[in-house]
Amino acid sequence: MIKKKKKDDYSPLHTHSDLSLLDGASQISELVRQAKSLNLNSLSITDHGVMNGIIDLIKDCESLGIKPIAGNEMYVINGNISRNYRRSEISKYHQIVLALTKKGYQNLVKLTTLSHLIGWQGKGAFGRPCINKKMLNKYQKDIVLTSACLGGELSQNLLNDFFF
């Protein structure tokens, strides 16, 4: 007989939904139902450059007693955000940004909005909404950053031996 385990302390903090173009396939409602079946007490959505699914995440999570964590896998450049660089001139690093509180949520929304309004880098399918570290510093209240994926600055520097 399998015992139903208690709520798990594990929380996925880097999850893409079908709103992450070419990177996620799961619908948010399915992700939340799966989190409930796994007895997770929280779930984050970190779609690429957008927060389009956060309201659905909050509604679906709250209806099943799961804590929603608003997030975004943002693109960070080391440069002037108002300058439009060519692809060969600057790297875009991935950065997971998570909101801890209502103020953190407001800062995450502000960063996401600014990335689309003043931080757009590139053209067409290769264009991305970007922020820089100055913006992260300005809106740092109640947000958490993680190292992201292999596209993150830490991972890229390790892969390219920049630390050794």
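This is a friendly dialogue about reading selected features in a predicted model.

Me: Let's begin with cysteines. What is a disulfide, and how many disulfides does the count come to here?

Reply: In general, a disulfide is a covalent bond that links the sulfur atoms of two cysteines. In this predicted model, the count comes to zero.

Me: Why is there no bond at Cys130?

Reply: Distance settles it. The closest cysteine sulfur to that of Cys130 belongs to Cys149, and at 14 Å it is too far for a bond. Seen from the other end, the closest cysteine sulfur to that of Cys149 is in Cys130, again 14 Å away and too far.

Me: Are these two cysteines buried or exposed, or something in between?

Reply: Cys130 is buried, with a relative accessible area of 0%, whereas Cys149 is partly exposed at 27%.

Me: Now for charges. What is the idea behind a salt bridge, and how many does the structure hold?

Reply: Side chains of opposite charge can pair when their charged atoms come close. The structure holds three salt bridges.

Me: Which residue does Glu153 meet in a salt bridge?

Reply: Glu153 meets Lys133, with an N to O distance of 2.7 Å. Glu153 belongs to helix H5 (residues 153–159) and Lys133 to helix H4 (residues 133–138), so the pair ties together parts that are 20 residues apart in sequence. Both ends are partly exposed: Glu153 has a relative accessibility of 22%, and Lys133 has 42%.

Me: What about Glu89 and Asp142? Which partners do they have?

Reply: Glu89 forms a salt bridge with Arg83, and their closest N and O atoms are 3.1 Å apart. Glu89 is partly exposed at 42%, and Arg83 is partly exposed at 40%. Asp142 pairs with Lys141 at 3.9 Å, N to O. That distance counts because the cut-off for a salt bridge is within 4 Å. Here too the residues are partly exposed, with 23% for Asp142 and 49% for Lys141.

Me: Let me turn to aromatic rings. How many aromatic pairs does a search of the whole structure find?

Reply: The search finds zero aromatic pairs. A ring can still be read for a charge over its face, though. Arg87 lies over the face of Phe126, at 4.4 Å from the ring centre.

Me: How should I read phi, and which residues stand out?

Reply: Most residues other than glycine have a negative phi. Asn39 has a positive phi of about 60 degrees although it is not a glycine. Ala148 likewise has a positive value, near 65 degrees.

Me: Where do I find Asn39 and Ala148?

Reply: Look in the loops. Asn39 is in the loop between helix H1 (28–37) and strand S1 (42–45), and Asn39 counts as buried at 13% relative accessibility. Ala148 is in the loop between strand S6 (143–146) and H5.

Me: Strand S1 came up just now. What does Ser42 do there with its side chain?

Reply: Ser42 is part of strand S1 and is buried, with a relative accessible area of 7%. One polar contact, of 2.6 Å, joins its side chain to that of Ser11. Another, of 3.4 Å, joins the side chains of Ser42 and Asn41. Beyond four places in sequence, Ser42 also touches residues including Pro12, Ile66 and Ile69.

Me: Which strand holds Gln95, and is Gln95 buried or exposed?

Reply: Gln95 is in strand S3 (residues 93–99). Gln95 is buried, with a relative accessible area of 17%; the word applies because buried means under 20%. A polar atom of the Gln95 side chain lies 2.4 Å from the backbone oxygen of Thr146. Leaving out residues up to four places away in sequence, Gln95 touches several others, among them Asn72, Met74, Leu145 and Ala148. You met Ala148 earlier as a residue with positive phi.

Me: To finish, how do I read a residue such as Leu108, and what is Leu108 in contact with?

Reply: Place, burial and contacts make a good order. Leu108 sits in helix H3 (residues 102–117) and is buried, with a relative accessible area of 0%. Setting aside neighbours within four places in sequence, Leu108 is in contact with Met51, Ala70, Gly71, Asn72, Met74, Val97, Ala99 and Ile143. Leu108 and Val50 are 58 residues apart in sequence, while their C-alpha atoms are 10 Å apart in space.

How values were computed
Residues numbered from 1 in each chain as written. Predicted model: local features only at pLDDT ≥ 70, side-chain atom pairs only at ≥ 80, totals over all residues. Heavy atoms only, no water. Helix = DSSP H or I, 4+ residues; strand = E, 2+ residues; numbered from the N terminus. Buried < 20%, exposed > 50% of the residue type's maximum accessible area, 1.4 Å probe, protein only. Polar contact = N/O pair within 3.5 Å; in protein donor to acceptor, adjacent residues only side chain to side chain. Contact = heavy atoms within 4.5 Å. Disulfide = S-S within 2.5 Å. Phe/Tyr/Trp six-rings, centres within 6.5 Å; stacked < 30°, edge-to-face > 60°. Lys NZ or Arg CZ within 6 Å of the ring centre and 35° of its normal. Salt bridge = Lys/Arg side-chain N within 4 Å of Asp/Glu carboxyl O.
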